[in-house]
Amino acid sequence: GQYALRMFSDYRVHPEINYNNFLCSFNGHYHISRKFLVAALKKFGWFDNNYCTKNFNFTVDELDGHIHDYVGDRDCFFRKFFIDTDNSFFSTINSFGHEVFRHDKNIYTLEKKLTQSFLHIAGETIGTSYYPFVTEKSFYSIVTRGLFLTYGQPGWHTHFEQYYGFKKYTKIFDYTFDTINNPVERLIELLSMVSKFSNLSVPDWHDLYQIEYDTIEHNYHNYFSGNYAKLLKKYDSKFQQ
């Protein structure tokens, strides 16, 4: 894990921030939470094939079963946010040809998608579990000075701040979603919260970016200075005592 996080350490120059797209999301491996994420992004009208990937396929029945597993008899309500009359999207693959675990290479494939999108939603590994787990997904945004939100486990963003020192973008985003235990409810709360930004203009997005500029810079320097690794080490040694 730590090695993967360090893979961007030589990546020092990113394209300039130049928005022409609302949202990007890169979904490589097959997890229940990723099926939820890509299905909901499609239903909200935000899965743009030029800016989002889905390297796996599944059936509407599988998805229906997963929704029921997590919300029980409220599935008729929640299904509305995932399932449509035409679900051919679920069986398609949309890939940018990323190399598994080669984040130092993939950043060059994805850098323009990231810097052209107002928001990156990172689908963390196994978002249906209950203990925060940090992989390299969010670092793609940190090293390209972008805004991101992670669909991870409950408390993921608080964990990322406390143990890694990366600050939240609280001036523009409401992180209530991060406190919700149920993965289906958490995702819908996350997407509902960001939907208010989806109809804004490109100049509006740039203005919002400027509001969070200090935090973006803090996170960028926290990564490249290696401070996040020192902080992690400090916590690790505390746990081992």
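**View 1. Val194 and its contacts across the fold.** In this predicted model, Val194 touches Phe22, Trp46, Leu119 and Leu149, leaving out residues up to four places away in sequence. Val194 itself lies in helix H8. With a relative accessibility of 0%, Val194 counts as buried. For a sense of scale, pick out Tyr11 as well: Val194 and Tyr11 are 183 residues apart along the chain, and their C-alpha atoms are separated by 29 Å.

**View 2. The largest nonpolar core, with helix H8 in the frame.** This core has 72 residues, and the members that touch the most others are Phe82, Phe118, Phe173, Leu190 and Val194. Helix H8, residues 183-198, supplies the largest share of the core, with eight residues. Nonpolar side chains tend to be buried together in soluble globular proteins. Zoom in on Leu190 and you'll find Ile121, Leu149, Thr150, Tyr151 and Phe177 in contact with it, once neighbours within four places in sequence are set aside. Leu149 turns up again here, since it is on the contact list of Leu190 and also on that of Val194.

**View 3. The largest cavity and its lining.** The structure holds two cavities of 30 Å³ or more, and here's the largest, with a volume of about 50 Å³. Its lining is made up of Phe148, His157, Phe160, Phe166, Lys167, Lys168, Tyr169 and Tyr175. Sorted by class, that gives five nonpolar residues, one polar and two charged.

**View 4. The second largest cavity, with strand S3 alongside.** This one has a volume of about 30 Å³. Around it sit Cys24, Leu114, Ser117, Leu119, His120, Ser141, Thr144, Gly146 and Leu147 as lining residues. Strand S3, residues 117-123, gives the largest share of the lining, three residues. The class count here is four nonpolar, five polar and no charged residues. One lining residue should look familiar: Leu119, which Val194 touches.

**View 5. Ile17 and its sequence-distant partners.** Ile17 sits in the loop between helix H1 (2-6) and strand S1 (21-27). Despite that loop address, Ile17 counts as buried, at 17% relative accessibility. Skipping residues up to four places away in sequence, Ile17 touches Thr115, Thr144, Arg145, His206 and Tyr209. Leu114 is worth labelling too: Ile17 and Leu114 are 97 residues apart in sequence, yet 8.5 Å apart in space, C-alpha to C-alpha. Both Leu114 and Thr144 also belong to the lining of the second largest cavity.

**View 6. Two loop residues with positive phi, Arg145 and Ile126.** Arg145, a contact of Ile17, is found in the loop between H6 and strand S4 (148-151). Its phi is near 55°, a positive value in a residue other than glycine. Arg145 counts as buried at 18% relative accessibility. Ile126 belongs to the loop between S3 and helix H6 (139-143), and although Ile126 is not a glycine, it has a positive phi of about 50°. Ile126 counts as partly exposed, at 40% relative accessibility.

**View 7. Helix H10 and the glycine that follows.** How far apart are the end C-alpha atoms of H10? They are 17 Å apart, which agrees with the 16 Å that the twelve residues of this helix (213-224) should span at 1.5 Å a residue. The buried residues of H10 are Thr215, Ile216, Glu217, Asn219, Tyr220, Asn222, Tyr223 and Phe224. Just after the helix comes Gly226, with a positive phi of about 80°.

**View 8. Asp104 and Asp48, two partly exposed residues.** Asp104 has its place in helix H5, residues 103-115. Its relative accessible area is 29%, so Asp104 is partly exposed. To tie this view to the previous one, look for Tyr223: the two residues are 119 apart along the chain, and the C-alpha atoms of Asp104 and Tyr223 are separated by 15 Å. Asp48 is in the loop between helix H2 (32-43) and strand S2 (52-54). Asp48 counts as partly exposed too, at 27% relative accessibility. From Asp48 to Thr144 is 96 residues along the chain, with 20 Å separating their C-alpha atoms.

Technical notes. Residues are numbered from 1 along each chain as its sequence is written. This is a predicted model: local features need pLDDT of at least 70, side-chain atom pairs count only at pLDDT 80 or more; totals for chains, interfaces and linings use all residues. Side-chain values use heavy atoms; hydrogens and water are left out. On a 1 Å grid over the protein atoms alone, a cavity is a set of points where a 1.4 Å probe fits but cannot get out, and a pocket is an open set with protein on both sides within 12 Å along at least five of seven lines; lining residues have an atom within 4 Å of a point. Grid points are joined across faces, edges and corners, and a volume is the space filled by probe spheres set on the points. Ala, Val, Leu, Ile, Met, Phe, Trp, Tyr, Cys and Pro count as nonpolar, Asp, Glu, Lys and Arg as charged, and the others, Gly among them, as polar. Helices (H or I, at least four residues) and strands (E, at least two) are DSSP runs, numbered from the N terminus. A nonpolar core is a set of buried Ala, Val, Leu, Ile, Met, Phe, Trp, Tyr and Cys residues joined through side-chain atoms within 4.5 Å. Buried means under 20% relative accessible area, exposed over 50%, partly exposed in between (1.4 Å probe, protein chains only). Contact means heavy atoms within 4.5 Å. The expected span of a helix is 1.5 Å times one less than its number of residues.
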